[in-house]
Amino acid sequence: MSEEKPPESNLLADDGEDADERTAIVSLSELRSAPRRQTKDRHLLVRVRGAELGRVSRLPPEPFRIGRSQDCELWLGDDGVSRKHARIVQEPAGYLIEDTESANGTFVQGQRVSRQLLRDGDVIQFGPTAVFRYTITDESQEGLLQQLYDASVTDALTSAHNREHFDTQLRSELSYARRHKVDVSLAFFDVDHFKKVNDTYGHQAGDAVLVGLANTIRGMIRNEDVFARYGGEEFALILRGIDGAAAHTVGERLRERVAAMRVEHEGKVLTVTVSVGCSSFAELVDEKTPEALVSTADKRLYAAKHAGRNRVVSRG
């Protein structure tokens with residue numbers, strides 16, 4: 001182990017967001033309601049600087065790879081992180097971190113390391129800005145940490161996940177699909193003529209429609225599906241283990257549920273429809289990336305719009 005330290009500016013680098021804006025608000029009653037367990041058998045990495053502040057990753061018995069590669073269990077998009085930056089392996093003495101010949105180094109407690117046994121509370125830095133804390137805790141505390149992170153990546157209006165969480169989870173799901181040799185699909189859907197709703201009934205009515213839509217979707221998806229507000233009146237679903245044909249079926253069921261939805265607002269009953277575009281990881285040929293999956297679903301969404309709206313497009 002050498003004594004090289006990361007540049008001072010790296011450790012103090014601002015990630016460009018106000019800290020107050022990234023503070024999750026969870027009521028004391030919610031925190032107190034979590035069951036308390038005394039067995040400290042959860043080994044976690046918790047992000048303490050940079051994007052996705054508070055993100056919790058539980059370390060498994062198998063080797064845990066960290067880097068920019070889609071095959072890594074912990075994908076990091078930070079500048080200065082190598083494709084295969086580091087890995088953490090479980091040994092009889094505990095978890096050991098190994099730098100896998102990264103360009104910008106792996107640091108523990110401010111010192112560059114090649115291999116080092118981790119201790120509870122160690123601060124780990126991958127490259128210039130990706131900083132995590134290694135902690136050993138119990139199930140109850142892990143749940144509280146996850147609760148705080150979930151609150152920070154939730155859209156305030158609809159309670160769907162936000163765009164940042166969607167981007168991260170999509171990369172994670174593609175890594176999962178590669179490792180387990182399963183498919184994963186994406187469904188983009190957009191409220192038809194949403195501007196007309198806002199212009200006719202007001203923005204509060206538009207908000208009520210979005211909340212009603214989000215509640216409807218949550219009632220029909222699985223726990224492993226990722227539901228996010230992609231932007232404005234556009235939403236996205238990541239469907240683990242679902243191929244293109246099954247994604248089309250999900251899109252049709254989603255479209256039908258929304259069309260049957262009734263939203264009451266100030267004595268009026270509002271109805272809307274959605275257009276849906278679907279893509280699957282298995283169908284991608286030239287470029288199997290999150291960007292290609294998103295681009296394909298997005299093009300099909302707009303094809304559904306141009307074809308008359310209130311329909312699902314999953315090919316072409």
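1. A polar contact is a pair of N or O atoms within 3.5 Å; within protein, one must be able to donate a hydrogen and the other to accept it, and residues adjacent in sequence count only if both atoms are side-chain atoms. One such case is the cap that D138 puts on the N-terminal end of α3, where a side-chain oxygen lies 3.2 Å from the backbone nitrogen of S140.

2. The model is predicted: local features need pLDDT of at least 70, side-chain atom pairs count only at pLDDT 80 or more, and totals for chains, interfaces and linings use all residues. Residues are numbered from 1 along each chain as its sequence is written, and side-chain values use heavy atoms, with hydrogens and water left out.

3. The protein has 8 helices and 18 strands, taken as DSSP runs (helices H or I, at least four residues; strands E, at least two) and numbered from the N terminus. Of its 316 residues, 47% are buried, that is, under 20% relative accessible area with a 1.4 Å probe, protein chains only.

4. One open sheet holds 6 strands in the order β2-β1-β11-β10-β7-β8, with antiparallel pairing; strands pair if DSSP finds at least two bridges between them. β2 (56-58) and β8 (111-113) are the edge strands, each with a single partner, so one side of each has no neighbour in the sheet. On average, neighbouring strands are turned by 30° against each other, direction ignored; axes are lines fitted to C-alpha atoms, for helices over the stretch in contact, and angles run from 0 to 180 degrees between N-to-C directions.

5. Helix α3 (residues 139-152) packs on this sheet and touches β1 (42-49), β2 and β11 (130-137), contact meaning heavy atoms within 4.5 Å. The direction of α3 makes about 30° with that of β1. Buried residues of the helix are S140, E142, L144 and Y149. The end C-alpha atoms of α3 are 20 Å apart, which agrees with the 20 Å that its 14 residues should span at 1.5 Å a residue; the expected span is 1.5 Å times one less than the number of residues.

6. Strand β11 has 6 of its 8 residues buried, so the rest of the structure largely encloses it. β1 is joined to β11 by 7 bridges, and L45 stands opposite Y134 in β11. On β10 (residues 123-126), 4 bridges lead to β11, with Q125 opposite V131. The β10-β11 hairpin has 3 residues between the strands, and G127 takes a positive phi near 70° there.

7. At the β8 edge, 3 bridges join β7 (residues 106-108) to β8 in antiparallel fashion. V108 has Q111 of β8 as its bridge partner.

Notes:
Buried < 20%, exposed > 50% of the residue type's maximum accessible area, 1.4 Å probe, protein only.
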